[in-house]
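This report looks at backbone angles and at how far some residues are covered. Please have the sequence and the model at hand.

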Amino acid sequence: MPGNFAEIYASQLASLHHISYRIAYERVATLLGLGQPLYVQFLTYLHEVLFSFPPNFGPSFEFYPIPAWTIVFLALRWTLLLLGTAIVISLALGLFIGIFLATHKNKSIDRAAQPTFYFLNSIPQFWLGILFIIIFAIDLHILPATQAQSISANPPDILAHMVLPLAVIVLTTAPGYALIVRGAAVDTLGSDFLYATKAQGLRRRRLFLRILRNSLLPIVTNIALSMGYLIGGVITVELVFAYPGLGSLIQSAVVTEDYPIMLAIFYITTLIVLLSNLAADLIYPILDPRVSYVSS
Amino acid sequence: MELATLRKRGIVAAIVTIFVLSIFAAVPLALTRANAQTTTSTSSGRDYINIGDLEYSSSIAVSSFNWFSPIEDYDLTELLYVGLFTIAFPPEPLVVPVLAQGYSVSANGTQSVINLRPDLKWSDGSPLNSTDLWYTMWLLNQTDHIPPPSSITILNSTAVQVTFPTPEYQFVQTQLASFDVVVVPYEIFGKLPVSEIDCTSTNLTCYSNFNDIVADGPYTLSNYTIGETPIALTANPYYFEGPPHLKNVYVYLYPSEESYVAAYKSDQLDAFWSYGAYIDIAPVVGFIDHTLIQSIPALTYAVLFNAFGKNYPFTDPSFRLALAYATNITQINSLENGPYANTSSSTEDSLIPTDNEELGLPPSGPIGYTYNVTEAENILTSNGFKLSGGKLYFSNGTAVSLQLAYESANPVSPDVAQLLATDWTQIGIKVTPKAEADSTIQSLTLGDTGWQVIIAGDTGLNVFGVTSGPGIATALSPYGYPASNGSTVYYNDTVGTWENDMDVYPQFSSQFNSTAVEIANAYVTQVPFIPLFNSFNWQSVSNDFYWGSPSNYTGIFNTQSTAQQQFYWDTLYQVAPLAAPTPPVTTTTTFPTYSTATTPTTTSVQTTSSAAPAASPAIPAIYLYVAVAAVIIVIAGVAATMIFRRRQ
């Protein structure tokens, strides 16, 4: 594994304090408890991560001695704001456009939309981000190119900073959702239960909701499974827009070999993926009564 | 329900969704536009400035504002605290007092008296006097920043005397000015344990100086929350040069060069700063409403060798010399510094020609390897290497290869590595470039394993011949030379002697001069590194912003430029006032190679700099890309439609 904080910190101490590197390293080794047996160091680390709240990953190398978790938590707020908003909008757009296309199956708009959506879905987010910055920020000067807020950090200001990164994420993820929903809705529209429901004389609004609910199942699965991919994707978007979220943080952590920060981010990303999968499993029975976790 | 009805519902739902989302996007859009218009209309009268700072290593927060912390954020700390002295470049004297009024050294070199300016105040209005200076000197000693003094004495309310057991003629220059030592408030720092101040506490506590900062710089910290930008700074009413005219400075941190450039080009920032080669600043050049300023040198880029121990052939000076001759420095310099290459030629001699002559050196300094592949081959073949079939072999028949490490985050390094690989391949060496993290490069050079050749930028390399300092130790300490008894003597020891000699003799005394010449000769004969080119501090500043008028001194320039001076590592200190707001003015301050001129020149040109070619307009190309993408989408849609129809 490249990088060694003790060596880096010792070299900084040595050059700043005009002391020999060896003396500086001994100080750092004492400071970090490196004299203990390796297994003791590892068990101490595990204990601190698993049995502390919040998890203690130790001090960040770059922001020493601020705990890595504190730094990650600060960045997480912005990522959740961006990613959460993006998922909600993408989901809403995907659902309505998907159902719309399903109801227009094989019509011109449906035929044109499908390849277009595949194309949009395959556009690299960083490329679209750069394009948007050049057009909307540098050329037209109508939206901020970077950062999450400016001097007046009020909600409209934060929203203005969010528009471009949000648009990039939504434009590249919503088409995928729309295609999934379209497929599910086409199946639903052709299913027997829908004819039976119509025959029962159910009100239109409730009928629409049933189609919606049945079309939701695959997309819930997709969101849960792709949560890791979404977080990975948002990293590149954050980098392009200098958005101060997990993406920017992990980039700087990799560059500076700040392992506590990296581990904390991987930990929380894993946690989010696991929890979203659990949430998807719990939502299934609500959306589809045929799914039940209670044994008959 | 009919399918048609369902369709209608779907259409209505889609329209409503799009409408709601449009409002969602339009509100902030309109507000941003309104803000942008306000900014433009009041650009000449606003009391704040937006500045960016490229933080490769800390994208969301600054690490510390404590000068004594190894992880302090230098750029921002320098905005808050003023150095006692700073290092200037010719023709300015080398040591320039800033917060200090001056200094004196006793005839025997053991006593230095440092005088503060009178009537200094901290940002909270309390007096800044010799008690603070005395405490700072005490703290510098406690934290191993200065050689141990025998006493530190307060002479009066502004003067402190530091006495050393042995002569320290260069104390102010090498220990205070070179490191931009600042004075810290005794009332604040004095209440903290030293181990917490220098971050060596065993309980992992480290004073970050984030809250209630009492400082003496042009600005004080008015609002900082870790993880949030911008960082807000407010004018210090007690600043020794008078409160800055700009009441507020907002600092944005950027994790990448690309996002920093985008922010500047989109007018989110009023000033763009970069230290490096010209290619680093090139992306923002070409905007006629911006002014490009080239200021003092930053880093000297050089090739360093791992000549520790038995790392043959790097321990062989003739091999290093051959590589130096095989390196096309002019080409590398031209690529990296473009139109400014003539002011950025490779030299690690920062002396003016008269100083060189006083040392007994040629006016242009001692170093100069002319690109000559044949000479390189001759040196190699006459020292036991064999050239055959375009490949270089050791005397035992093994092919010569080397690994060239470079800093991955540095935009300059990959290009240079590639050029060096091409150059050295011409003399038959197989070169493998390898990207490494900056911190890895730093730690590798401290050890003798894991590396062979490294491209690095170092400020220490250009202090040669002037003073002892980290540069000499960094550059020469790994290199050994044969002693008369056949053993190898390492410069580690010699450098220590040299440093001692440079400190114990007055500057330009005969002993001082002979030591300087000895060091110069060591550079020439031992080739401890191959100098490549100098980089510079650059600023591109927006002409939309009112930078001040030379006639009534209402803007940020000259003395008032200290706000920038601190922020940009002293770079605007010597920059003439900019006319504002139109016509566009390009002010270029250049520091030529001293082999061709003796003094720096400052030029103001009423046009875009001819030396800085305008970048080709990017917008048409982008629209072309968009148009191509649109055509592809349409073609794909039509093709898909036709395919589907045929299938049906």
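Buried means under 20% relative accessible area, exposed means over 50%, and partly exposed lies in between, with a 1.4 Å probe and protein chains only. The model is predicted: local features need pLDDT of at least 70, side-chain atom pairs count only at pLDDT 80 or more, and totals for chains, interfaces and linings use all residues. Residues are numbered from 1 along each chain as its sequence is written, chains are lettered from A and ligands numbered from 1 in the order in which they are written, and side-chain values use heavy atoms, with hydrogens and water left out.

Helices (H or I, at least four residues) and strands (E, at least two) are DSSP runs, numbered from the N terminus.

Most residues other than glycine have a negative phi, and most peptide bonds are trans. In chain A, the bond between Phe53(A) and Pro54(A) is cis, with omega about -5°. Pro54(A) sits in the loop between α3 (38–50) and α4 (68–103) of chain A.

Chain B holds residues with a positive phi. Two of them, neither a glycine, are set out here.

| Residue | Phi | Loop in chain B | Relative accessible area |
|---|---|---|---|
| Asp119(B) | near 60° | between β5 (111–116) and α3 (130–142) | 75%, exposed |
| Asn209(B) | about 60° | between α6 (194–197) and β8 (219–223) | 3%, buried |

Helix α7 (residues 257–265) of chain B is mostly covered, as 8 of its 9 residues are buried. Among them are Glu257(B), Tyr260(B), Tyr264(B) and Lys265(B). Just after α7(B) comes Asp267(B), with a positive phi of about 70°.
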